[in-house]
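Open the structure in your viewer and get ready to click along. Could you walk me through what to select, stop by stop?

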Amino acid sequence: MPGTSRCPAISTAFGITGSAKARSYEYYDTDALDLNAEGWDVRLRHKSGSDFEETYKKRLPVVDGDIDAALDEANAEGFDSGDTNYDAQVDWGYAKQTLSFSNEKSHSASGYSGTSMPSSSTGRTWLVNEIPGKLDDWLSNNWGSDTLKVSRAHGPVTSQVWSGAWESSDDAGIEVLPVKNSTGTGTEYVVELSFKTDNYADAAQLHADAIAVADGHGWLYHGDILKTQLILDRY
């Protein structure tokens, strides 16, 4: 993984320029990661100058590229095109694909400057009060809120993000995220290129081109790094 010294070169290589913007975020789960074990991630994020973003995300693995099978599983679990409370997308890493459904809400940032975060107990209260029904009743009535009530903040972490356009995507970005190393004695940097598109063929081409550019410069990590899992495991 490249460190921060490589970021200007990475930005130049992908044509994503401009000033970086800071964002802080943390995930809420129990010490045993009970929410994550059920495929749910609950995140509180604060972008500089914006309100807090509360995100409740359900993840389903896409096996061997079979998105239709993942969608069938999602339908069986109560997610369908008629549910306007969740935004669906396929997250495509180096090799793995994940189907996700996100329910996003906001909370006023009045009294919080920059990307500062609330105390763990305050953030937990916000998230419990705003919990969507699917998560709340996932395994049983009020399972989600009962689990969140005994959760804690994993984090926070603060990253720098450069945003712009790349090839056919007008929503691309480079994020530099410092995280504790596995022993807790130092810091590692995760540098991630991301892009969004509504067309699968475009996504496949962008994915291939991004791998080719990063690999050609010696920047590519040949594997899938899940930022969420790193933060949950190390904080």
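Here is a short tour of this predicted model, from its nonpolar cores to a buried histidine and then to some salt bridges.

**Stop 1: the nonpolar cores**

Begin by selecting Trp-40, Tyr-56, Leu-135 and Leu-148. They are the residues with the most contacts inside the largest nonpolar core, which has 27 residues. Next, colour the pieces of chain that build this core. Strands E2 (40–47), E3 (52–62) and E5 (97–107) each supply at least two of its residues, and so do helices H3 (67–76), H4 (120–129) and H6 (143–149). Which element gives the largest share? That is E3, with four residues.

Now keep Trp-40 selected and show what surrounds this residue. Setting aside residues up to four places away in sequence, Trp-40 touches a mixed group. Among its partners are Leu-35, Phe-79, Tyr-86 and Trp-138, together with Lys-57, Lys-58 and Arg-59. Tyr-56 and Leu-135, which you selected a moment ago, are also in contact with Trp-40.

Apart from this core there is another one, of twelve residues. To find it, select Ile-10, Trp-166, Leu-206 and Trp-219, which are among its members.

**Stop 2: a buried histidine**

Go back to strand E2 and select His-46. Is this residue buried or exposed? His-46 counts as buried because its relative accessible area is 1%, and the cut-off for buried is under 20%.

Zoom in on its side chain and look for two backbone oxygens. The one of Ser-116 lies 2.7 Å from a polar atom of the His-46 side chain. The one of Gly-114 is reached by the same side chain of His-46 at 3.4 Å. Then show the residues in contact with His-46, leaving out neighbours within four places in sequence. They include Arg-23, Ser-24, Asp-51 and Phe-52, as well as Tyr-112, Ser-113, Thr-115 and Met-117.

**Stop 3: salt bridges**

Side chains of opposite charge can pair when their charged atoms come close. How many salt bridges does a search of the whole structure find? The search finds nine, and you can visit some of them here.

Select Lys-58 and Glu-77. Their closest N and O atoms are 3.8 Å apart. Lys-58 sits in strand E3 and Glu-77 in the loop between H3 and strand E4 (87–92), so the pair links distant parts of the chain, 19 residues apart. Lys-58 is buried, at 4% relative accessible area, while Glu-77 is partly exposed, at 29%.

Move on to Glu-188 and Arg-234, where the closest N and O atoms of the salt bridge are 2.9 Å apart. Glu-188 belongs to strand E8 (residues 187–195) and Arg-234 to helix H8 (residues 227–234), so this pair ties together parts that are 46 residues apart in sequence. Glu-188 counts as partly exposed, at 28% relative accessibility, and Arg-234 is partly exposed with a relative accessible area of 22%.

Stay with strand E8 and helix H8, and select Glu-192 and Lys-227. Their side chains meet in a salt bridge at 3.3 Å, N to O. Because Glu-192 lies in E8 and Lys-227 in H8, the pair ties together parts that are 35 residues apart in sequence. Glu-192 is partly exposed, at 28% relative accessible area, whereas Lys-227 is buried, at 17%.

For a last stop, select Arg-45, Lys-47 and Glu-53. Salt bridges that share partners join these residues into one network.

Note on methods:
Residues are numbered from 1 along each chain as its sequence is written. This is a predicted model: local features need pLDDT of at least 70, side-chain atom pairs count only at pLDDT 80 or more; totals for chains, interfaces and linings use all residues. Side-chain values use heavy atoms; hydrogens and water are left out. A nonpolar core is a set of buried Ala, Val, Leu, Ile, Met, Phe, Trp, Tyr and Cys residues joined through side-chain atoms within 4.5 Å. Buried means under 20% relative accessible area, exposed over 50%, partly exposed in between (1.4 Å probe, protein chains only). Contact means heavy atoms within 4.5 Å. A polar contact is a pair of N or O atoms within 3.5 Å; within protein, one must be able to donate a hydrogen and the other to accept it, and residues adjacent in sequence count only if both atoms are side-chain atoms. A salt bridge is a side-chain nitrogen of Lys or Arg within 4 Å of a carboxyl oxygen of Asp or Glu.
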